[in-house]
Amino acid sequence: MGVGSTPVMAGYVTSLGIETTKPEDAEKDDELMATKPVQESIKSLGAYRSNAASLKSQFETNTDMPLIPAIRKDFDFSKLRDDLNVASTVFDDNTQLTIDRLSRSILYDLTELENASRFKKGEDPTRTPKKVTNVRKWFVKLDTDLNDFLKYF
């Protein structure tokens, strides 16, 4: 009995109907894309990517460096959110869903990077190998999401 039967898949959701738009399939408004605010936002996002790479390089040199002041200096969350929102206005509604997801991921990555780099009060300001690995993970995730976002431009 039951030999050769296939497993039951009831109750498992394999897709929530969220389709990711590929960068080559994205529809952009070329007129809007050429405007100064959009171009400045795209340029700023490129600067954020290079700031993240520079900060990661500094971290690799000294894994016990205090990261939070540098994160807050180089990544003003409200300015970053504005740049993401302005840049994303050039896309059609379908692409907008993917872009919004990437925007939220970038902001989440920065929040988690800040949390991962935090030292506990009164604790020796050194990071264990586990903490260093966690910080590196969020640097990689941030770099990946910024690159994925910028591929659409």
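**Helix packing and aromatic pairs in an all-helix model**

Of the 153 residues in the protein chain, 33% are buried. The model is a predicted one, and its secondary structure is easy to list: 6 helices and 0 strands. Going along the sequence, that gives the pattern α-α-α-α-α-α. Contacts were then sorted by how far apart the partners sit in the sequence. Taking contacts between residues at least 6 apart, 81% turn out to join residues at least 24 apart.

Helix α2 makes a good starting point. It covers residues 36-61, which is 26 residues, and at 1.5 Å a residue it should span 38 Å. The C-alpha atoms at its ends are 37 Å apart, so the two values agree. Which residues of α2 are buried? They are Val 38, Ser 41, Ile 42, Ser 44, Leu 45, Tyr 48, Ala 52, Leu 55 and Phe 59. Several of these numbers are spaced in a way that recalls a basic rule of helices. An α-helix has 3.6 residues a turn, so residues three or four places apart point the same way. As for partners, the buried residues of α2 pack against α1 (30-33), α3 (68-74), α4 and α6.

Two of these partners were looked at in detail. Two packed helices are described by the angle between their axes and the distance between the axes. For α2 and α4, the angle is about 130° and the axes are 8 Å apart. An angle like that falls outside the ranges for parallel, antiparallel and perpendicular, so α2 and α4 count as oblique to each other. The crossing of α2 past α4 is left-handed. On the α2 side, the contact is made by Pro 37, Val 38, Ser 41, Ile 42, Ser 44, Leu 45 and Tyr 48. On the α4 side, Lys 79, Leu 80, Asp 83, Leu 84, Val 86 and Ala 87 take part.

With α6, the angle is about 160° and the axes lie 10 Å apart. Since angles over 145 degrees count as roughly antiparallel, α2 and α6 are therefore roughly antiparallel to each other. Here too, α2 passes α6 in a left-handed crossing. The residues of α2 that meet α6 include Ile 42, Leu 45, Tyr 48, Ala 52, Leu 55 and Phe 59. Among those they meet in α6 are Val 132, Val 135, Phe 139, Leu 142, Leu 146 and Phe 149.

Next come the aromatic rings. A pair of aromatic rings is described by the distance of the centres and the angle of the planes. A search of the whole structure turns up 6 aromatic pairs. One of them joins Phe 91 and Tyr 152, with 6.1 Å from centre to centre and 85° between the planes, an edge-to-face arrangement. What does this pair tie together? Phe 91 sits in the loop between α4 (77-88) and α5 (93-117), while Tyr 152 belongs to the segment after α6 (129-150), so the pair links parts that are 61 residues apart in sequence. Both rings belong to buried residues: Phe 91 has a relative accessible area of 7%, and Tyr 152 comes in at 4%. Ring pairs also link Phe 91, Phe 149, Tyr 152 and Phe 153 into a cluster.

Finally, there is Asp 109, which lies in helix α5. Is Asp 109 buried or exposed? With a relative accessible area of 0%, Asp 109 is buried. Leaving out residues up to four places away in sequence, Asp 109 touches Trp 138, Lys 141, Leu 142 and Asp 145.

Note on methods
Residues numbered from 1 in each chain as written. Predicted model: local features only at pLDDT ≥ 70, side-chain atom pairs only at ≥ 80, totals over all residues. Heavy atoms only, no water. Phe/Tyr/Trp six-rings, centres within 6.5 Å; stacked < 30°, edge-to-face > 60°. Helix = DSSP H or I, 4+ residues; strand = E, 2+ residues; numbered from the N terminus. Buried < 20%, exposed > 50% of the residue type's maximum accessible area, 1.4 Å probe, protein only. Contact = heavy atoms within 4.5 Å. Expected span 1.5 Å × (residues − 1). Axes fitted to C-alpha atoms, helices over the stretch in contact; angles between N-to-C directions. Parallel < 35°, antiparallel > 145°, perpendicular 65-115°, else oblique. Left-handed = near helix turned anticlockwise from the far one by under 90°.
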